[in-house]
Amino acid sequence: MTAAVIAALASLIPLVVTADAAEPPMSGEPAPAVAEAPEQLSEDAARSVLDGIYQGDFRTAFVDKRPELFLRHVPDDFVSTMVDGSRLDATAIRQVFPQQFATMARTIEHNVTIEDVDVLSKRSISGVVTLTTLIEHRRPGNGTFLVVTVGTFRDDFVLRNGVWMLRQAVQLRGQTITSPRP
């Protein structure tokens, strides 16, 4: 069940970032909110926004085991559609997301590749993003196991009250491999 939760939630973390941020915030520190909507984002600026999101709070939530960095940015109208057609709404994410941290020993690897960016409006951007994680979990009893998750998502962000929020995530590809720790 833990591996399935990780696979389902790996790319669903909405985060705060400034519209013109070139560098992500320091680990553990949320990115500041945007004062107002930019006039119009260029594709490069939108890519920078997404990079700041995924390398900022998103990474910190997993590396530092701080699910609240994810949960505080889930809008009530959030929806995710998985590759199998199942859907998760904001209520479901708020209930299941913290569960994976109970057995998480550490995040060994967390890589993001932004494959495509579309500027939909000055308040909306969309990106195709592939997330690869390697996370070590504690087994009941003793020992650990490894979970490798690779997922590609089309993530749509909207700027609301100065914060970029993940409004919708559509999983395009997903794979989870679980193995006992050697």
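User: Why is D118 called partly exposed?

Analyst: D118 has a relative accessibility of 29%. Buried means under 20% relative accessible area, exposed over 50%, and partly exposed in between, with a 1.4 Å probe and protein chains only. D118 therefore counts as partly exposed. This is a predicted model, in which local features need pLDDT of at least 70 and side-chain atom pairs count only at pLDDT 80 or more, while totals for chains, interfaces and linings use all residues. Residues are numbered from 1 along each chain as its sequence is written, and side-chain values use heavy atoms, with hydrogens and water left out.

User: What makes the contact of D118 and R154 a salt bridge?

Analyst: A salt bridge is a side-chain nitrogen of Lys or Arg within 4 Å of a carboxyl oxygen of Asp or Glu. The side chains of D118 and R154 meet at 3.2 Å, N to O, so the pair satisfies that definition. D118 belongs to strand β3 (residues 104-121) and R154 to strand β5, so the salt bridge ties together parts 36 residues apart in sequence. Helices (H or I, at least four residues) and strands (E, at least two) are DSSP runs, numbered from the N terminus. R154, at 23% relative accessibility, also counts as partly exposed.

User: How do you know that R160 forms a salt bridge with D77?

Analyst: The closest N and O atoms of R160 and D77 are 2.8 Å apart, and the pair is therefore a salt bridge by the cut-off already given. The two residues come from distant parts of the chain, 83 residues apart: R160 is in strand β5 (residues 144-160), and D77 is in the loop between α3 (68-71) and β1 (79-81).

User: Which residues are linked with D77 in a network of salt bridges?

Analyst: The network links D77 with R160 and R167. D77 and R167 meet in a salt bridge of 3.2 Å, N to O. This pair also links distant parts of the chain, 90 residues apart, with R167 in strand β6 (residues 163-180).

User: Are the members of this network buried, exposed or partly exposed?

Analyst: R160 has a relative accessibility of 30% and counts as partly exposed. D77 is partly exposed at 33%, and R167 is partly exposed at 26%.

User: How many salt bridges does a search of the whole structure find?

Analyst: The search finds eight salt bridges.
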